[in-house]
Amino acid sequence: MIKYLVCLPILSLLFWSCSNQKEEGLIPGTKLTGDPLADAVVLSILVTPSCQYLTNENANSPFNVNGSISICSVQSVSGSVTVQTSGTYEVTATSGKQTLTSSSCNSSRFDFLVALKEGNTELFVSSATGAKQIVLEVGKVYSLQSTGLVNPSDYQCQGKAVSSNITAYRINLRKI
């Protein structure tokens, strides 16, 4: 009987201290995968908006920014952007890549850039490093212009045609 009286408080203390153990992580008390690095990847995917693709089919319709937008493309086509609210926007981008390959030669890589313009004035280009804050206004149309894609037919490797692989550029606009 005495051993129960001694053991019960010790076990109770042990269980109570383990249940109140503080968890440190990306979001304290929240486990997504159990691995902090994997949690960071999952959260970054969840907060990154999906891309709306600029193509030949929708090039004549402007993308309307309502808070934030991400626009991607794998085609050399110009598009446009309008905003619903005037103000300061944070603009970031990643350039795309075009790789020409052949079984007989080394690959050639080309940067596929996108620029945000107001008329002839370049406001942002994807080759710039980091984010830029830009004031955009309702009623104005801002153009998206891409450069850097080459025609694979213009290239050969030891008399053979080359194949082309394009990864999309991505431009992100977010109202601050």
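Trainee: Why is C157 called buried or exposed?

Mentor: Buried means under 20% relative accessible area, exposed over 50%, and partly exposed in between, with a 1.4 Å probe and protein chains only. C157 has a relative accessible area of 3%, so C157 is buried. This is a predicted model, in which local features need pLDDT of at least 70, side-chain atom pairs count only at pLDDT 80 or more, and totals for chains, interfaces and linings use all residues. Residues are numbered from 1 along each chain as its sequence is written, and side-chain values use heavy atoms, without hydrogens and water.

Trainee: What makes C105 and C157 a disulfide?

Mentor: A disulfide is a pair of cysteine sulfur atoms within 2.5 Å. The sulfur atoms of C105 and C157 are 1.4 Å apart, and a disulfide joins the two. C105 lies in strand 7 (residues 105-118) and C157 in strand 11 (residues 156-157), so the pair ties together parts that are 52 residues apart in sequence. Strands (E, at least two residues) and helices (H or I, at least four) are DSSP runs, numbered from the N terminus.

Trainee: How do you know which class of accessibility C105 belongs to?

Mentor: C105 has 31% relative accessibility, and therefore counts as partly exposed.

Trainee: What makes C51 and C72 a disulfide, and how is its handedness known?

Mentor: The sulfur atoms of C51 and C72 are 1.7 Å apart, and the two form a disulfide. The torsion about their S-S bond is about 45°, so this disulfide is right-handed.

Trainee: Why is C72 called buried or exposed?

Mentor: C72 has 4% relative accessibility, so C72 counts as buried.
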